[in-house]
Amino acid sequence: MYLEKLEIFGFKSFAQKTVFEFPRPKDKKFFSVTAIVGPNGCGKSNIVDAIRWGLGEQSLKLLRGKKSEDVIFFGSNKKVKLNFAEVSLYFNNEDKKADIDWPHFVITRRIYRSGESEYLINRARVRLQDILILLAKTNFGQKSFSIIGQGMIDSIIHSTTTERKNFFDEATGVKHYQIKKDEALRKIEKTKENLKQAEIALNELEPRMRSLTRQIKKLERRQEIEEKLRDLEKKYYSSLWNKLTREETRLKDSLEKFIKEKESKEMDLKNIQRKMEEIINEESDKQYETIQNRYQELLELKNKYLEESMEIKMRINTEKQKKPETKKTEKFNLTISDILKRLKEISKSQHLFLKTFKKSNNLEDLKMQIQKITEQ
């Protein structure tokens, strides 16, 4: 496993994205040496710091800074400051030395001015602990002898036995076990602290538990009462339902009886109406025949009077030729004026009878008219 490429953006003096490639020679038995040269202050040490920071370095002293945001480009006269910094290390893992399934993988670290940090492996977010364990298994890390910064040689020479032990631990490949051990010890301490907090919380909750126990008993008692109440309600409403059902049945029977009686009465009424219509029709026919006969009699009487009138006129004319007009005839009991008056009355009655007969459909009216005409 070896480092193939380094990408830096926004880290310290690297305001623009900068890529460093470390290709392997065609003869894969040997590796080449890459040297970066330049005057003081050009940023050579920032490259090593970027590698160390990308691998998870947490010591700001080793990174030559005071705050975490000091690693983000702060700006210059020609370029504004950036809001985040990012470093990506591309590794070749064709020899499967790293405990990961990919032949190539990328470790990325990103930090924002707000203080938030992100760690990624192949663009997937992971924990810092995951990166440290992965690198420790390959004897490669930000605190290992693989990265030697300024003054580090003097630090190794003048280091204590404990510090030297740490270097040897990384070199022998037991560092990742120590990391796991330290993590387990931290978890144990944290668990003990959580147990203490839980014990304190239990002591605080004990009085409340007693109060809640009493409330639970009350709720259980309430549940029993509610069940009894529901049973009583069921019995009451069942009784009420049965009573209403019986009343409904009784009313239905009464209603059916009433409907039958109503239908019977309606049938009787229809029969009576039919009989009345038959009687009225019969009476109408009889009275119409009577009226017709009376009309015929009046008509014959009129014709008789007309004949007599004509005969009288003829005789009057004959007598006129013999005697003066002012004298009356002695052979007839009626005078001419009486006969004419009688004819007029008959004609008027006949006309009134016909008019009433045409307009009226009431038999009583016709009877009254007939009576009037008869009295004349």
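**Figure 1. Overview of the protein chain in a predicted model.** Accessible areas here come from the Shrake-Rupley method with a 1.4 Å probe. On that basis the protein chain exposes about 28,900 Å². Carbon and sulfur atoms supply 55% of this area. The chain has 376 residues, and 25% of them count as buried. Seven helices and six strands are present. Along the sequence they follow the pattern β-β-α-β-β-β-β-α-α-α-α-α-α. Take the contacts between residues at least 6 apart in sequence: 58% of them join residues at least 24 apart.

**Figure 2. Close-up of M1 in the segment before β1.** Strand β1 covers residues 2–9, and M1 sits in the segment before this strand. The relative accessibility of M1 is 22%. Buried requires under 20% and exposed over 50%, so M1 counts as partly exposed. T138 is 137 residues away from M1 in sequence. In space, the C-alpha atoms of M1 and T138 are 8.3 Å apart.

**Figure 3. Close-up of helix α1, residues 44–54.** Eight of the 11 residues of this helix are buried, so α1 is largely enclosed by the rest of the structure. The buried set runs N46, I47, D49, A50, I51, R52, W53 and G54. Polar and charged names such as N46, D49 and R52 are thus listed with I47, A50, I51 and W53. Just after α1 comes G56, with a positive phi of about 110°.

**Figure 4. Close-up of the largest nonpolar core, a set of 33 residues.** In soluble globular proteins, nonpolar side chains tend to be buried together. Within this core, L6, I8, F11, V87 and L89 touch the most other members. Several elements each supply at least two residues: β1, α1, β3 (84–92), β4 (104–112), β5 (117–121) and α2 (128–137).

**Figure 5. Close-up of L89 and the residues it touches.** L89 is one of the core residues that touch the most other members. Residues up to four places away in sequence are not counted here. L89 then touches L3, K5 and L6. I51, G54 and L55 are also touched by L89. F105, V106 and I107 complete the list for L89. Of these partners, I51 and G54 are among the buried residues of α1.

**Figure 6. Close-up of a nonpolar surface patch.** L205, M209, L212 and I216 make this patch. Its area is about 360 Å². M209 lies in helix α5, which covers residues 175–322. An α-helix has 3.6 residues a turn, so residues three or four places apart point the same way.

Definitions and conventions. Residues numbered from 1 in each chain as written. Predicted model: local features only at pLDDT ≥ 70, side-chain atom pairs only at ≥ 80, totals over all residues. Heavy atoms only, no water. Buried < 20%, exposed > 50% of the residue type's maximum accessible area, 1.4 Å probe, protein only. Helix = DSSP H or I, 4+ residues; strand = E, 2+ residues; numbered from the N terminus. Core = buried A, V, L, I, M, F, W, Y, C linked by side-chain atoms within 4.5 Å. Contact = heavy atoms within 4.5 Å. Patch = residues over 30% accessible without salt bridge, like charges linked within 9 Å, V, L, I, M, F, W, Y side chains within 5 Å. Salt bridge = Lys/Arg side-chain N within 4 Å of Asp/Glu carboxyl O.
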